[in-house]
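Hello,

Here is the structure I promised to pass on to you. Have a look at it first, and then read on for what I found in it.

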Amino acid sequence: MMKILSVILVVWLLFSAVLSLNDGHVFAVQLHPSASADDIAERHGFDNLGNVEGVEHHYLFKLRDHPSLRNDPENFVREKADMLSSSQEVLWVEKQVARERTPRPRF
């Protein structure tokens, strides 16, 4: 139950940040407390955009531009996400997608 609440909180906090970053492939990443976010991002071909404010050990990683990203973006992004999630220091990874919301009509 606590894990579900943690995921919901992370997604909620990231929503506004993702809206401004939807021009690229951005991932929310939870790391082991002893892990270095910069080292992990560098090793896997991402840029560390920083810590998610108010949530410990959660970061935003943006995939660096690469020729394979232009040629076959779906497979390239999937492979990079799989490699990132298979790292021992990474506890959780989720690709962030900006969604357009429309308010309910008022009666």
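**What I found**

The accessible surface of the chain comes to about 7,600 Å², and carbon and sulfur atoms account for 52% of that area. Please keep in mind that this is a predicted model. The chain has 107 residues, of which 30% are buried. Of the contacts that link residues at least 6 apart in sequence, 64% are between residues at least 24 apart.

**The overall layout**

Four helices and four strands are found in the chain. If you walk along from the N terminus, you meet them in the order α-β-α-β-β-α-α-β.

The four strands make an open sheet, arranged as β2-β3-β1-β4 with antiparallel pairing. At its edges are β2 (46–51) and β4 (90–95), each of which pairs on one side only. On average, neighbouring strands of the sheet are turned by 30° against each other, direction ignored. As general background, the strands of a sheet pair through backbone hydrogen bonds, in either a parallel or an antiparallel way.

**Strand by strand**

Let me take the neighbours in turn, beginning at the β2 edge.

- β2 and β3 run antiparallel and are joined by five bridges. Across this pairing, Asp47 stands opposite Lys62 in β3. The two strands form a hairpin with six residues between them, and Gly54 in the turn has a positive phi of about 90°.
- β3 and β1 also pair in the antiparallel sense, again over five bridges. Here Val29 has Tyr59 of β3 opposite.
- β1 (residues 26–31) is joined to β4 by five bridges, and these strands run antiparallel. Gln30 has Trp92 in β4 as its bridge partner.

How many of the six residues of β3 are buried? Five are, so β3 is largely enclosed by the rest of the structure.

For a contrast, look at Leu49, which is found in strand β2. Leu49 is partly exposed, because its relative accessible area of 41% falls between the 20% limit for buried and the 50% limit for exposed. Its C-alpha atom is separated by 6.8 Å from that of Lys62, a residue 13 positions away along the chain.

**Helices on the sheet**

Which strands does helix α2 lie across? Helix α2 (residues 37–44) lies across β1, β2, β3 (58–63) and β4, and runs at about 155° to β2. Helix α4 (residues 73–85) packs on the sheet as well, where it touches β1, β2, β3 and β4. The direction of α4 makes about 160° with that of β4.

**The aromatic cluster**

This is a part I would suggest opening in your viewer. A pair of aromatic rings is described by how far apart the centres are and by the angle of the planes. Two aromatic pairs were counted in this model.

The pair of Phe27 and Phe46 is edge-to-face, with 5.6 Å from centre to centre and 90° between the planes. Phe27 sits in strand β1 and Phe46 in strand β2, so this pair links distant parts of the chain, 19 residues apart. Are these two rings' residues buried or exposed? Phe27 is buried, with a relative accessible area of 2%, and Phe46 counts as buried too, at 1% relative accessibility.

The pair of Phe46 and Phe61 is tilted: the centres are 6.1 Å apart and the planes make 40°. Phe46 lies in strand β2 and Phe61 in strand β3, so the pair ties together parts that are 15 residues apart in sequence. Phe61 is buried, as is Phe46.

Which residues form one aromatic cluster? They are Phe27, Phe46 and Phe61. Phe46 takes part in both pairs, with Phe27 and with Phe61.

**Where to start looking**

A simple route is to find the open sheet in its order β2-β3-β1-β4, then add helices α2 and α4, and finish at the cluster of Phe27, Phe46 and Phe61.

Enjoy exploring, and do write back with any questions.

Best wishes

Definitions and conventions. Residues numbered from 1 in each chain as written. Predicted model: local features only at pLDDT ≥ 70, side-chain atom pairs only at ≥ 80, totals over all residues. Heavy atoms only, no water. Pairing = 2+ DSSP bridges. Axes fitted to C-alpha atoms, helices over the stretch in contact; angles between N-to-C directions. Contact = heavy atoms within 4.5 Å. Buried < 20%, exposed > 50% of the residue type's maximum accessible area, 1.4 Å probe, protein only. Areas by Shrake-Rupley, 256 points an atom, 1.4 Å probe, with all protein chains shown as cover. Phe/Tyr/Trp six-rings, centres within 6.5 Å; stacked < 30°, edge-to-face > 60°.
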